[in-house]
Amino acid sequence: MTKQHYQGKILRDKEELIRQMAEAARAVGKKVVLTAGSFDLLHIGHGRYLQEAKTHGDVLFVGVDADEKVRVRKGPERPIVPEEERMEMLSYLDSVDYVILKPLQKEKWWLIKLMRPDVLIATRSTYSEEQKEKLREWCGEVVVLKEQATTSTSAKIRRVQIGAAKRITKTLSNKLIKSMEQALEELRVS
């Protein structure tokens, strides 16, 4: 895929264009599907999730949380991958038709209200039952997908952190032991 091609899939927050793309798809009888997330450190669960989301309609729009939004939700060390790279990575997936940046400043459910998707795809932890009922005001259907993998970006990051901590601890422990042995030896000599 050329740079020009993937950039054609990235709509950012051009509201009128996003609305028109959704309406044009419906006008020719296509079912519009929307999902969203951070998609930080893209992994197999993301790929499977998006592939499954696409099976619920014809045109899959994917909202991607802006860096600032991810930091607010997941902490100051996130995202690991900047928004531009996350959007480009998603644009390479065959199941993804369009990628839209979701800025922090936008009102709650901005993209859902703007697009009014035929199908909104979410995970169990995304919305409460009450929220899902409210969302039906702007969506034809809310589909909750089960987890597509046992992995998560947060779990992968924790695993790396734990591994690093173990290596640091082992290195420091060995250096501390050697330092103490040297100090004891110096005390014996004096």
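Which residues of helix H3 (residues 44-54) are buried? They are Gly45, His46, Tyr49, Leu50, Ala53 and Lys54. Looking down the axis of H3, these buried residues fall within an arc of 165°, so they line one face of the helix. Keep in mind as you read on that this is a predicted model.

**The chain as a whole**

Let us step back for a moment. The protein chain has 190 residues, and 38% of them count as buried. Its secondary structure comes to eight helices and five strands. Starting at the N terminus, the order of elements is α-α-β-α-β-α-α-β-α-β-α-β-α. If you take the contacts between residues at least 6 apart in sequence, 69% of them join residues at least 24 apart. The chain exposes about 11800 Å², and carbon and sulfur atoms supply 52% of that area.

**Helix H4 and what follows**

Helix H4 (residues 67-74) has its own buried set, namely Asp67, Lys69 and Val70. These residues cover an arc of only 160° around the axis, which puts them on the same side of H4. What lies over them? The cover of the buried H4 residues includes strand S2 (59-65), helix H5 (83-91) and strand S3 (98-102).

Just after H4 comes glycine 75, with a positive phi near 115°. Further along, the loop between H4 and H5 holds proline 79. The peptide bond that leads from arginine 78 into proline 79 is cis, and its omega is near 0°.

**Arginine 86 and its neighbours**

Now for a residue of helix H5, arginine 86. Is arginine 86 buried or exposed? With a relative accessibility of 2%, arginine 86 counts as buried. Leaving aside residues up to four places away in sequence, arginine 86 touches Ser38, Phe39, Asp40, Val64, Asp65, Ala66, Asp67, Val70, Pro79 and Val81. Several names on that list have come up already: Asp67 and Val70 belong to the buried residues of H4, and Pro79 sits at the end of the cis peptide bond.

**Backbone angles worth a look**

Phenylalanine 39, one of the residues that arginine 86 touches, has a positive phi without being a glycine. Arginine 116 likewise shows a positive phi although it is not a glycine. Here they are, one row each.

| Residue | Phi | Loop | Relative accessibility |
|---|---|---|---|
| Phenylalanine 39 | near 55° | between strand S1 (32-37) and H3 | 6%, buried |
| Arginine 116 | about 50° | between helix H6 (110-115) and strand S4 (119-123) | 45%, partly exposed |

**Strand S4 and its partners**

The loop with arginine 116 leads to strand S4, which is mostly covered, as four of its five residues are buried. With which strands does S4 pair in the parallel sense? One partner is S1, joined to S4 over two bridges. Within this pairing, leucine 34 has leucine 120 of S4 as its bridge partner. Another partner is strand S5 (residues 141-145), which pairs with S4 over five bridges. Here threonine 123 has leucine 145 of S5 as its bridge partner. Finally, S4 and S5 also belong to a β-α-β unit: together with helix H7 (residues 129-135), they make a right-handed one.

Methods: Residues numbered from 1 in each chain as written. Predicted model: local features only at pLDDT ≥ 70, side-chain atom pairs only at ≥ 80, totals over all residues. Heavy atoms only, no water. Buried < 20%, exposed > 50% of the residue type's maximum accessible area, 1.4 Å probe, protein only. Arc of directions from axis to C-beta. Contact = heavy atoms within 4.5 Å. Areas by Shrake-Rupley, 256 points an atom, 1.4 Å probe, with all protein chains shown as cover. Pairing = 2+ DSSP bridges. Right-handed = clockwise from strand over helix to strand, strands pointing away.
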